[in-house]
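Trainee: Before we discuss this model, could you put the sequence and the coordinates in front of us, so that we can work through the interior and the sheet together?

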Amino acid sequence: MNLSDERIQRFLGTRSVVVLATLQADGAPLAMPMWFLHDAAELAMVSVEGTQKVRNLRRDPRVCVVAEAGGDPADAGGVRGVSAQGRVEFVSDAAARRALAERFLAKYSPRVERLWGGRRMPEDRVVFRIVPARVRGWGLG
């Protein structure tokens with residue numbers, strides 16, 4: 001499978017949060033819930049400079065992202081999900097950062113505006129992309 005698969009795109013479109021796993025210096029994983037954007041080629045996320053996950057990413061860009069649904073036994077659809085393994089690429093280009101910030105505002109308003117203190121992404125935010133090398137899906141039909 002790949003990220004452009006219609007079933008994966010449709011499923012990711014129903015999710016507002018994914019779990020991002022990074023590697024700490026001692027090799028232990030750190031898994032954190034993250035807001036995200038997706039398209040047929042990549043996932044994109046925003047974090048705060050200096051956080052543990054950003055320090056991990058700067059040292060080792062390998063990541064795994066997981067999105068899932070249907071863990072409730074009453075859910076007749078069963079467990080569905082997507083995992084993507086790849087490497088992070090930091091976005092430093094101002095125009096690309098602004099474009100991604102606009103997409104985050106469109107998807108997560110008004111929550112992101114409260115977090116950012118307005119419609120402008122704060123300077124201490126780090127934007128990164130994940131271009132998956134491996135994508136898996138399950139229960140997507």
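**Cavity, core and sheet**

Mentor: Keep in mind that this is a predicted model, and that strand 5 (62-69) and strand 6 (80-90) each supply at least two residues of the lining of the largest cavity.

Trainee: How many residues in the lining of the largest cavity are nonpolar, polar and charged?

Mentor: The search of the whole structure finds one cavity of 30 Å³ or more, and about 50 Å³ of space lies in the largest cavity. Its lining consists of L3, L12, L43, V65, V66, A67, V82, S83 and A84. Sorted by type, these residues are eight nonpolar, one polar and no charged.

Trainee: Which helix gives the largest share of the largest nonpolar core?

Mentor: The largest nonpolar core has 38 residues, and those with the most contacts inside it include L12, L43 and I130. The largest share of this core is six residues, and they come from helix 3 (residues 94-108).

Trainee: Which strands stand at the edges of the sheet, each with a single partner strand?

Mentor: Seven strands form an open sheet with antiparallel pairing, in the order 2-1-5-6-7-4-3. Each edge strand has a single partner, so one side of each is left without a neighbour in the sheet, and these are strand 2 (29-34) and strand 3 (37-38).

Trainee: Which residue of strand 5 stands opposite V19?

Mentor: Strand 1 (residues 18-23) and strand 5 run antiparallel and are joined by three bridges. The residue that stands opposite V19 in strand 5 is V66.

Terms used: Residues are numbered from 1 along each chain as its sequence is written. This is a predicted model: local features need pLDDT of at least 70, side-chain atom pairs count only at pLDDT 80 or more; totals for chains, interfaces and linings use all residues. Side-chain values use heavy atoms; hydrogens and water are left out. On a 1 Å grid over the protein atoms alone, a cavity is a set of points where a 1.4 Å probe fits but cannot get out, and a pocket is an open set with protein on both sides within 12 Å along at least five of seven lines; lining residues have an atom within 4 Å of a point. Grid points are joined across faces, edges and corners, and a volume is the space filled by probe spheres set on the points. Helices (H or I, at least four residues) and strands (E, at least two) are DSSP runs, numbered from the N terminus. Ala, Val, Leu, Ile, Met, Phe, Trp, Tyr, Cys and Pro count as nonpolar, Asp, Glu, Lys and Arg as charged, and the others, Gly among them, as polar. A nonpolar core is a set of buried Ala, Val, Leu, Ile, Met, Phe, Trp, Tyr and Cys residues joined through side-chain atoms within 4.5 Å. Buried means under 20% relative accessible area, exposed over 50%, partly exposed in between (1.4 Å probe, protein chains only). Two strands pair if DSSP finds at least two bridges between them.
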